[in-house]
Structures are given as C-alpha cells and as structure tokens.
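Reader: Hello! I am in my first year and would love to look closely at one part of a protein with you. Could you walk me through it step by step?

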Amino acid sequence: MPKYLVRLISFTFIVAAIPVISIGLISYFIASGDIEDKVKDGNMQVLLQTQMRVEQVLKTLELTSLQFVNSPLVASSVNENLSYDDFAKLRDLSKGLYNLQTFTSVREAYLINFNMDWMVSFSTFRRLSTYPDRDVLTSYAKYPNSLFWITQSPKSQDKPVDEEGNTQEASTPPVIRMVYKIPVIPMTNQPKGLLVVEILNSQVKNLLMNNKKLGEVYVLDREGRNFLLEDNEVDNNQAIHALVADRVRETQEDSGFFNAYVNDKELGISYRSSPYNGWTYISAVSIQDITKQSKKIAWVTFIACTVIFVLVGILAFYGSRRMYSPIKRLFEFTKQIEVEGQEHKDEIVRIEQRFRTLFSTEKQLQQQVRGQFSQLKEFLVLKLFTGQISDSDFAYRSQKFGFPTEWKCLGVLTVQIDTLQESRYRDHDKELLLFAINNMVGELIPQQDRFSPVLLDQSQVTLLVCRSDNEAERKAYFFQTAEMIKQKIHEFLQLPISIGISRPFEKATESVLAYGECLEALKCRISLGNEIIVHYEDIDAGKKEMEITVYTQLKLLEDQLVNSLKLGEVDRVDMVFDKYIAVIVEKGIHFNEYPALMMQLISKVYQLVQEQGGSVKKVLGSKATIDHFLKLNTLEDIIKWFKVELFEPIISFLNHQAESQYVNIANQMAKLVHERFDQDISLEACASILNFHPVYLSRVFKKEMGINFSEYLAEYRMNTAKTWLENTSLKISEIAEKLNYTNTTAFIRTFRKIVGMTPGQYRDQYNKD
C-alpha cells in the first residue's frame, strides 16, 4: 500500500476519532455540570421565593401593626387606667387587635400598658400583674429596638388563670412573636406599653417551599436555631447549621452554595441570609440523587460515541482511498517532469519537487506583489499624508504604481461623518461606514484624477489632481467633486457628512499641511452646523481676536452658573447657560476659541463636584469627559451635552447631598438635647453650636423628626422627670430645678400637659401600682 495512502487513512481516522471522543467526554461533563447547576439554581430560586413569601407576610403584619400603634385610639389609651367598666373602649381596642389578622397565621395579639397595669387581647381584658408570663413581657421592654421578633416560644411557668382565679389546663403551640414598643419613637428601654403579636410556627412553616428533588427548606434564626420545629421534633441538621455558619463567617457572603460531607453523605447545601431579620434559609440535597441522571447520560453518550467511532473508521478507510485517487493520477501524470537531484520516497513530496520546476522565483514574486498591489498603493499615500516620503521618492513610486504624474495643482478633500444620532447606524458601525465611503470615493472619482483614497483617523482623505490654471475653475472643480461625493453618500447611505477642502498646492509632499487645513475647516461645524462643504480659504479670512470684555462677561456668567447649581435652581441654571451661549454666539467668537472657553466652565463644574465630596467619574458618568466634549461638532450637540450630561447629574447629586445633611443635622440637635437637657438649651443655642441659622434648623428638625424642637425638648425632659419620680425621692421642686425650670409651677404645668397628671399624682400612682 502506498506510503501516503497509509498516512491519509491513519490521519483521517485519528482526526475523526479525537472529536468524537472529545465531544463524548465534554458532553458528559457538561451535562453533569448543567444538572448540578440547575439543581443549585433551582434551590436558590426556591430559597428566594420562600424568603420573599415569608418576609412579605411579616412586613405586611409589621405595617398593619404600626398603623394600629400610631392610631389615635391607642395613643389616647396609653395614658388611661382602663377597667372593666370601659367596655366601649375595650371593645374598640380588641376590634383593632382583631383587624391585625391580615392572614390566618396570627394566633393572638396583646396590647399591654406597663404604667396602668392592663392588657387587652383578641377577646379578653385583664390586669398585667395577674398574667402568668408578665416577667417575659416586661423583659421585652429592655430590648434596644422599637420593633423586634422573638423566635423562641415563651415557656409559661404557671398554668393559665381565668378571670375568676381558677387554673386551667392548656397546651400552648409553638409561636413567634412580633413586639412593638409604644411609643415607637423615640427608642427607649422604658416604653409606656407594648404590642405583641403571636404567629403560629406551623403557619410560617406552611409558607416554606419543600421539594423532594430539590431538598428540604428550613429556616434558622439569628442564633442558628431551627425555631420552626415542633416540641416533639428533634433537629437532625445541626451539622449543616454549623457548616453554613462557618461558610458565612469565612466568605462574608449573604448567599451561596457549597458541597459538604455530612454523616458520610455528600450534600449540596444552598443558603440565603436575610438582611431584613437575620434569618437564614437553608436547603440541602443529596449529590448522589443529583448525579443519578448523569450516569444514564454517560452510558448513552458512550454507546453513541462507539457507534459513531465505528462508522467514522469505515468512512475514513473508503474515503481516504477515494481522496488518494486524484493524487495517484497526478503522480502518474507528472512522471515525465525531470527533477534535479534525487527524488523523495513520499509521492506528495515528489509531486511538489516536480511542480517547483515549473515556476521560477520571479513569477512567484510577481504573483505575490499583484495580490498586495492595492495595499501598497494605499500605504504609499498614507506615508505621503504623514510626511514620511520625499518628492523624488514619491515621484518614482507614483510612476511605478500608475498614479498621475502631471498636474497643475493638487488639492485634498477630507470627509467626516457628522453624527450617527437619529440614523439607523450605531457608534460601532462607524469604522465600517468609513470603509464604505472610501470605496465609494474610489469609484466616483476617475483613477487618472486622484491618488488612492485612504482612511486616516476618523476621516476619509483623497488627494485630487487638477489640470486647470484658473483659480476660480480650480475652486469650482474641488467644490463640485465634494458636492458629488456628498450627494452619493446621502443617496446610498443616508449619512450626514461634511467635507473640508484645502488650498491648492503644487508639491505632493505638501499634502500633510493640506490635510491639516481640511481638519481646520471642518471645525466650522461648531458654528455653521452639519452637512457643510467648507474651503479652508473661506474660514481663514473670518478670524478675529476676542475682546477682553467678552472674557470678563463669560467669567461672570460661569460664576453665576456654578452658584445656581449649588442652590439646585434648575430654571436659573438653564437661563444663565442660555445667556452664556448667547454671548459666545453674538460676539462672533471664532470656533477655535470655543473649546478653550468652555473648558474653563467644565473645570469649574468638576471642581464643584469635588468640593461637595463626590467623584467626577461616579457622579457624571462616562460621557461627561473632556475627550467626549472635544468630539462634539455642532453647537446644538454642545448645549445638549452640557445640560444632559453635566447639569442634570450634578443637580441630582447636590439634592441628595442636601437630604443627607438634613438627617445629620437633626441627629446632632437630638444629641444636644440628650446631653444638655438640664441646661439652658434652646434653638438659638443649637444654631450657635452647629453654625446654622435658627430658622433653618427649626425647619430641618421639624421635617426629619416630625415635631418641633421645643416639643421634643419638653417631652425628653418629662420622660427624665418620670424616671426620677419613679426611682428617686427628689422633691418636685428639686426635679424642676435639675431640669432647668425657673419655677416649680412652670414645670408642673408642662408635666400635666404632656403626661396628663401632676408630678405628685404620677408618683402616688406609681407607688400605688
């Protein structure tokens, strides 16, 4: 068997076998990985849906409870010593508690008044002192937050007692408790009362989504307990709890997935930690159950690959023989060609040696040059426009490449795309569009009237030949050529373009200067608009010096504009900026002066952002850069860029900064009250300390805290007075003096207005209770 035929069969067989084996292995591993990924993603979705379902129910209950706590009914009842005779009010309170049942899982709700020693539930009213779990309820008052959840079911040490004093046998199902302190604001360790809402654990457990294929979902509280277990259930997943806790501590991630061995069994564990209440949702599924389907896929893949492997081997054998037949005929056909030296044993190499004798080195080089001829012509023109070639060298190369060699003068046309906005193209199409324009120019202008069109930066550049001595005819010829190019591009591509025309010149090496003149002419678009054809001679004549008064006026407007931005006055910003643009346009400032003038305004705007503690890149975005500004072509684009990309983000950022400042100021004022309540603290004193006007501080405090400064100060002092009345033997006059009241009568009058009784009555009532 011929040597090359053996190689061909072997190579074909190997080339065919490698993809089959590779595809089989890759398919198996990809399928296995996809199954695990889908189970992982499924677990994550289940955990997310479970978390959202549970938290939606809890948040709904919190909102309903907050509305009840802030209702006038509760507010008026907090300071009243209710009894069984107040039937109407007790009925209204019980009805309000009953309305908290936004879903069936609310088991019971209690409204508790510590000061007046009573509590109301769905259907009962009793004294707090007679409630068996009063110590548990009293301990809730010491929690730091106004709202919190208790996940551990309360264990009552005493049997429940009815209103007649008889003990009852009852079994309390596991519950979680939501606790609101009354009042909600300010947060205190000695609230007037509590609202306690109990939710059955079994009802919360029903909200969990369990799927045998995706594992069982369970929830841990902040302490890592599975609080939804029934009393008779044992937690068999404590090892998983510990693994999840370690994982969260190591990665500092709120959610994730990992594999672990628990009781000699590999598990895939998904977890999500809720920032809402600190609960952790966990799902664990056996990896062995996941990979059962992967093994089936492995066998199917192996069988399919084996069949394909056999078929490929058969086809490789017969196909190689057929593919070798042309080589065999070619080998027989070239036998008569004599080769210098000894022929190789391989028939392909021998055929190659025979063919090499048919072609000379010169013909091969010519063939290569023809394939690169057009690229060499464009390369020569690019070197001309970049000043890398002399006149003599260019003349020699022009003749060799078939360029025009005789002319009266030369001229350069530079085409640029004005904008891709409001067109069917996007920014990433720009390079392709310039390539299309370059090809169109090459077809529109006869070869004898031009050198090869080239693309330079973001421009299409053409070196034209003019054979006329008349200056007017030259100018008309260049303009007509540019007009023809502009019309054809608009006809076929629907693109807005502008064309710059240089001054006529004689030496080809002056093309560098001519190209610069074209770019200079195209800058006129800032003042003249898009889709123009401009001669450099026309724009050069219009240059004039800018007056010093114009610069002074622009600087004043810049300062006004920055001040308006600081104040967040959107209308004034637009008005001042319109004046700024009007000054530039009306004074006829040359377009070359535009960037230099506006860069000063941009610099001041950037400085304003930095002074307010912001990052220019983060606040303004990627489009509000100097590079982006310098690429703008028309005055309309510049105005739009300033208003949309600069002013709007800055005003939004400054407004956000002002809102953050309000919260900080209100907190500082509250802190001053807490620290200096026993001194002569007033709104004016706070203004002196914080360096703000009193009227401004009053407005900010009222907006953030919901009450006036004087009311907040009086309420804080009365809360302090109640503490002293309860825990000390100070005289009322001494308490009034310590709270900086000038006379005892004013203190008593304020105390009665806020608390509802005199200080003496309050102390007597507290001692009696």
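What percentage of the 769 residues of the chain count as buried? After that, please take me on a close tour of strand β13 and whatever lies around it.

Author: Happy to! This is a predicted model, in which local features need a pLDDT of at least 70 and side-chain atom pairs count only at pLDDT 80 or more, while totals for chains, interfaces and linings use all residues. Residues are numbered from 1 along each chain as its sequence is written, and side-chain values use heavy atoms, with hydrogens and water left out.

To your question: 41% of the 769 residues count as buried. Buried means under 20% relative accessible area, exposed means over 50%, and partly exposed is in between (1.4 Å probe, protein chains only). The accessible surface of the chain is about 43900 Å², and carbon and sulfur atoms hold 52% of that. Such areas come from the Shrake-Rupley method with a 1.4 Å probe, and for residues only the protein chains shown count as cover. The chain has 28 helices and 15 strands; these are DSSP runs numbered from the N terminus, with helices (H or I) of at least four residues and strands (E) of at least two. Among contacts with a separation of 6 or more, 64% join residues 24 or more positions apart. A contact here is a pair of heavy atoms within 4.5 Å.

Now to your strand. β13 covers residues 459–466, and eight of its eight residues are buried. Both of its faces are covered. On one side you find Ser459, Val461, Leu463 and Val465, and on the other Gln460, Thr462, Leu464 and Cys466.

Next, see who stands beside it. Strands of a sheet pair through backbone hydrogen bonds, either parallel or antiparallel. Two strands count as paired if DSSP finds at least two bridges between them. β13 belongs to an open sheet of five strands, in the order β12-β13-β11-β14-β15 and with mixed pairing. β12 and β15 (533–535) are at the edges with a single partner strand each, so each has one side without a neighbour in the sheet. From one strand to the next, the twist averages 25 degrees. For directions like these, axes are lines fitted to C-alpha atoms (for helices, over the stretch in contact), and angles between N-to-C directions run from 0 to 180 degrees.

Let us take the two neighbours of β13 in turn. Strand β11 (residues 409–417) pairs with β13 in the antiparallel sense, over seven bridges. You can trace two of the partnerships yourself: Leu410 has Val465 as its bridge partner, and Val415 has Gln460. On the other side, strand β12 (residues 454–456) also pairs with β13 in the antiparallel sense, over three bridges. Here Leu456 stands opposite Ser459. β12 and β13 form a hairpin with two residues between the strands, and in it Asp457 takes a positive phi near 55 degrees.

Two helices complete the picture around the strand. Helix α10 (residues 373–385) packs on the sheet, where it touches β11, β12 and β13, and its direction makes about 40 degrees with that of β12. Helix α13 (residues 471–493) lies across β11, β13, β14 (497–501) and β15, and runs at about 25 degrees to β11.

Let us stay with α13 for one last stop. Side chains of opposite charge can pair when their charged atoms come close. In a salt bridge, a side-chain nitrogen of Lys or Arg lies within 4 Å of a carboxyl oxygen of Asp or Glu. The whole structure has 14 of them. One joins Glu491 and Lys488, whose closest N and O atoms are 3.9 Å apart. Both residues lie in α13, three residues apart, which is about one turn of the helix. Glu491 counts as partly exposed because its relative accessibility is 48%, and Lys488 also counts as partly exposed, at 30%. In β13, by contrast, eight of eight residues are buried.

So, to retrace your tour: start at the hairpin that holds Asp457, follow β13 along its bridges with β11, and then look for α13 lying across the strands. Enjoy exploring!
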